[in-house]
Structures are given as C-alpha cells and as structure tokens.
Amino acid sequence: MELVDLYDENRASLRRTAERGGPMSPGEYRMVVHVCVFDHRGRLLVQQRAPEKFIWPGLWDVSVGGGVDAGETSRQGAEREFREELGIPLDLSGLRPSVTVNFDGGFDDFYILTKDLSLESLTLQKEEVRSVRWASLKEVLEMREQGAFIPYPESFLRFLFDMRKQFGFPTK
C-alpha cells in the first residue's frame with residue numbers, strides 16, 4: 001500500500017497520510033509532480049503512458065509525472081519519478097516548481113528544465129511508460145487534437161513551451 005501525505009488548502013501539512021488513490025475528506029489534498037524536459041532545440045520529451053495504466057492509458061504526456069510519496073518533498077518526488085520512469089538520475093537542487101496547478105484533489109508541481117538526453121540512454125519503466133520521443137509544440141498540439149495526448153488545455157501546453165524561455169530556467 002502506497003501512502004501520500006495530506007495537506008490543507010494552503011498546502012500546510014495535516015500531519016496525516018492516506019492511501020494513494022483512496023478517498024479523501026473535504027479539505028484534504030495530495031501532491032503530484034511533473035517534469036518537463038526540453039532539449040536545446042526547443043522540443044519537449046514526451047512519454048506514451050503504458051496501456052495498463054488506470055488513468056489515461058496509452059496517451060502521450062509530458063516527460064514524467066506521478067504522485068509524491070509520504071515523507072517526500074515535491075522535488076524529491078520529481079527526482080524519484082524521473083529516475084523510475086526514465087532510468088537516469090536527475091538533480092533538481094536549487095530548482096523550484098515553475099508552476100503549480102491546483103486540481104480538485106491537490107497540487108500539481110511542474111518542473112521545467114532544458115537537458116539534452118539521448119533516447120537510447122533511457123531505461124523505460126515498462127509498467128509506466130511505453131515509449132518516449134522528442135516533440136515540437138506543433139506536434140504536441142496535433143497529438144492533442146487527434147486525441148493521442150492527455151487533454152491539457154491547449155493554452156497550458158503553449159504556456160509550458162513559453163515558460164522554458166523565461167526567468168532563466170536552468171540547464172541541468
């Protein structure tokens with residue numbers, strides 16, 4: 001049984017845990033993370049979710065995503081998810097989430113960075129990831145339009161691509 005920490009609407013710890021995917025009471029929130037890796041050509045590393053996934057099976061998504069385990073910080077959860085799903089370490093020291101999206105059940109921290117990765121160097125977690133590729137904004141929007149990409153709002157996907165050029169985002 002995997003546990004997640006619970007937070008209030010201000011993101012203060014409630015000092016309680018819940019089973020991942022289990023019911024939560026009103027006023028209880030959990031934390032999830034996404035990592036968006038762009039290469040120096042401006043393409044986003046996207047992953048195709050495994051067909052066995054409960055949520056969005058077989059659809060394409062941003063580079064990495066997942067729930068933060070109990071006892072982890074957002075950054076630790078993002079680093080762990082990256083290592084688990086893509087098979088290589090990622091050091092996010094000194095990097096804060098670029099944007100946090102509030103959803104009904106919690107907080108979703110998006111980390112945005114530039115890092116040229118060789119697809120051949122990745123070891124995909126077969127239970128989570130079927131495939132990876134680099135994609136331009138145009139390609140991501142086409143996949144979304146065809147129903148092959150998780151249906152993020154188009155404006156949000158454009159925002160992610162725009163944010164990679166703002167505020168001195170690091171190259172890791």
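Is Asp-39 buried or exposed? In this predicted model, Asp-39 turns out to be buried, at a relative accessible area of just 5%. Its salt-bridge partner is Arg-43, and the closest N and O atoms of the two sit 2.7 Å apart. Arg-43 itself is partly exposed, with 23% relative accessible area, so this bridge pairs a partly exposed residue with a buried one.

That bridge belongs to a set of 13 salt bridges in the structure. Another one joins the side chains of Glu-128 and Lys-53, with an N to O distance of 2.7 Å. Glu-128 comes from the loop between β8 (106-114) and β9 (129-135), while Lys-53 comes from the loop between β4 (44-49) and β5 (60-61), so the contact ties together parts of the chain that are 75 residues apart in sequence. As for solvent, Glu-128 is partly exposed, with a relative accessible area of 22%.

Helix α2 (residues 137-145) hosts a more local case: Lys-138 and Glu-142 both lie in this helix, four residues apart, or about one turn. The two form a salt bridge whose closest N and O atoms are 3.9 Å apart. With a cut-off of 4 Å, that distance still counts as a salt bridge. Lys-138 is exposed, at 60% relative accessibility, whereas Glu-142 is partly exposed, at 37%.

Then there is a network. Salt bridges link Glu-2, Arg-20, Asp-69, Glu-72, Arg-80, Glu-81 and Glu-84, with Arg-20 and Arg-80 among the residues taking part.

Key: Residues are numbered from 1 along each chain as its sequence is written. This is a predicted model: local features need pLDDT of at least 70, side-chain atom pairs count only at pLDDT 80 or more; totals for chains, interfaces and linings use all residues. Side-chain values use heavy atoms; hydrogens and water are left out. Buried means under 20% relative accessible area, exposed over 50%, partly exposed in between (1.4 Å probe, protein chains only). Helices (H or I, at least four residues) and strands (E, at least two) are DSSP runs, numbered from the N terminus.
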